[in-house]
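This report walks through selected helices, strands and contacts of the structure shown below. Please keep the sequence at hand while reading.

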Amino acid sequence: MTDAGYDEWLDAVGDGEGYYLECPNGHGSLPPRRVCPHCGSTELDHTDLSATGTIETFTICYVGGPDFTDEEPYATAIADFGNVRLTGVVRGSDPENVTVGMPVEAGVGTNRTTDEDLLILRVR
Amino acid sequence: MTGVRVAGVGLTHFGRHPERTGRDLFGEAALTAREESGVPPEDIESINYGNFMGALAERQGHQAPLMAEMAGLQCPATRYEEACASAGVAVREAVRTVRSGEADVMLAGGCERMTNLSTADVTEGLATAADELYEIRAGMTFPGAYALMERAYFEGFGGSREDLAHIAVKNHDNALPNEYAQFHRAITVDEVLDAPMVSDPVGLLDACPVTDGASALVLVSDEYAEAEGLDAPVSITGSGQGGDNLALHDREHLAVTPATERAAAEAYDDAGCSADDVDVVEVHDCFTIAEVLAVEGLGFYENGDGVGAARRGETTATGELPVNLSGGLKAKGHPVGATGGSQIAEMTRLLRGDHPNSDYVEDATLGVTHNAGGTVASAVVHVLEVDR
Ligand SMILES: [Zn+2]
């Protein structure tokens, strides 16, 4: 399955060249988009994603869906990257050691169950 | 604009029904509602039917005409899907249709069959209410999404898992006499805190169960009720719906639900009331933290104050504002596509005085129901009033 907009974005994050979409009003969002989801502007430019983010909230998931059975337990977090947030699986730490405020960087890993690419938040 | 009355309600028992199909469940609820209303079948002009994951759970799409058939009705039937708010929008659109004068009699409700799926499959099915690219692929589950909101709530506003446990205890107590409820078992705060973690900090007893069930309502115009001499003292006087970004990470605050605020503002305005006028409320407590987000979004509490409401006794059956006297999604059960209709059925029974918990609200004149989809990317609020 290919997802135009998303696949290119994930590849860029994997190459350390992550970006997000920014409208003239300064709202950030993630592709694919034709309009800003906050104000409706159609002028969206690529802006470099901050190299590091901060975990804002997380959960340790003990019961996942069929695509995550080989990951359990795993931590999924929402991290603040300034103008945009990312949701990803936390790697580089035991789930039990994840905390709010922990610095992370965005990257690409492999889902151990499906072998597909996965957005990860790697603990720094 | 005509008023809209609830002429009849029908519910199946909420729980595990391994031997029954969704069509059988909805047929039962629809027939009960029809019989209670006394409305002849040929007068029902169309059916608004809520369902979320029937195509996954029962390999059955195109459910609405099937459900019309099971209800013994030959009329147009349309499925409404808004995740866990599916029946809420189905009822709302029926209310709008009657008010517009396009129909005098509508059947609205919903159904979900879930317990026939494995835990992993039901987890995946429910997760489809989240953003596929950015949330499901990051391992987000339905309990996981509320766990993210719960931790964000504690970080932003305070509160504890123990505060939330009081909500679970309260809702289990409320479900005890309810014949339709999945659980008839009192629980303790310690049991909630000691239960296995599903998605930390959401434990097993913070979560609603997996449930099969159906709900149905017969809604009629004021004129029809009067002309036919129907006994229908409860009216739906306000309806509102709000939306929000689908993915949690796109919201301004991770522990505030503006979709509920928007739906409530519209519904209160529609009914000409305010949060202060509400005597009793049924809210979407799929997880204990969801009840907190709901009572704050509906304007009963400031952000940060709702988490302690059950612990302080304010939202218990004997409190000032009883919340979820049915047992809520937590203890009555949450067959997702049926829930919004079930809340209105329960509120109707509470206000009419024929609910086993009606004695707690015998002077109540105004009730509110709140049905949310996903992580509250959608919300539907209704105001119900009873003739006294
Ligand atoms: Zn914008």
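## Helix α1 of chain A and its strands

Helix α1 (residues 6–14) of chain A has these buried residues: A:Tyr6, A:Trp9, A:Leu10, A:Ala12 and A:Val13. Seen down the axis of α1(A), they fall within an arc of 160 degrees, so they line one face of the helix. The arc is that of the directions from the helix axis to the C-beta atoms. Buried means under 20% relative accessible area, exposed over 50%, and partly exposed in between (1.4 Å probe, protein chains only). The model is predicted: local features need pLDDT of at least 70, side-chain atom pairs count only at pLDDT 80 or more, and totals for chains, interfaces and linings use all residues; side-chain values use heavy atoms, with hydrogens and water left out. Residues are numbered from 1 along each chain as its sequence is written, while chains are lettered from A and ligands numbered from 1 in the order in which they are written. Helices (H or I, at least four residues) and strands (E, at least two) are DSSP runs, numbered from the N terminus.

What do the buried residues of α1(A) pack against? They pack against β1 (19–22), β6 (85–91), β7 (103–110) and β8 (117–123) of chain A. Contact here means heavy atoms within 4.5 Å. Just after α1(A), A:Gly16 takes a positive phi of about 75 degrees.

Strand β6(A) is mostly covered: seven of its seven residues are buried. Two strands pair if DSSP finds at least two bridges between them. The table lists the pairings of β6(A), with one from chain B.

| Strands | Direction | Bridges | Opposite residues |
|---|---|---|---|
| β5(A) (residues 74–80) and β6(A) | antiparallel | five bridges | A:Ile78 and A:Thr87 |
| β6(A) and β8(A) | parallel | three bridges | A:Arg91 and A:Arg122 |
| β8(B) (residues 234–243) and β11(B) (residues 378–386) | antiparallel | nine bridges | B:Gly240 and B:Val381 |

The hairpin of β5(A) and β6(A) has four residues between the strands. There, A:Gly82 takes a positive phi near 95 degrees.

## The sheet of chain B

Chain B has an open sheet of nine strands with mixed pairing. Its order is β3-β2-β4-β7-β1-β8-β11-β10-β9. The edge strands are β3 (77–80) and β9 (280–282) of chain B, and each pairs on one side only. The twist averages 25 degrees from one strand to the next.

Helix α10 (residues 258–271) of chain B lies across β8, β10 (366–373) and β11 of chain B. It runs at about 145 degrees to β8(B). Helix α13 (residues 339–352) of chain B also packs on the sheet, touching β1 (4–11), β7 (213–221), β8, β9, β10 and β11 of chain B. The direction of α13(B) makes about 170 degrees with that of β10(B). Axes are lines fitted to C-alpha atoms, for helices over the stretch in contact, and angles run from 0 to 180 degrees between N-to-C directions.

## Two crossing helices and B:Leu193

The axes of α6 (residues 142–157) and α11 (residues 288–297) of chain B come within 9 Å and cross at roughly 65 degrees. Residues making the contact include B:Tyr146 and B:Met149 of α6(B), and B:Ile289 and B:Leu293 of α11(B).

B:Leu193 lies in helix α8 (residues 189–194) of chain B. At 25% relative accessibility, B:Leu193 counts as partly exposed. B:Leu193 touches B:Arg161, B:Glu162 and B:Ala165, not counting residues up to four places away in sequence.
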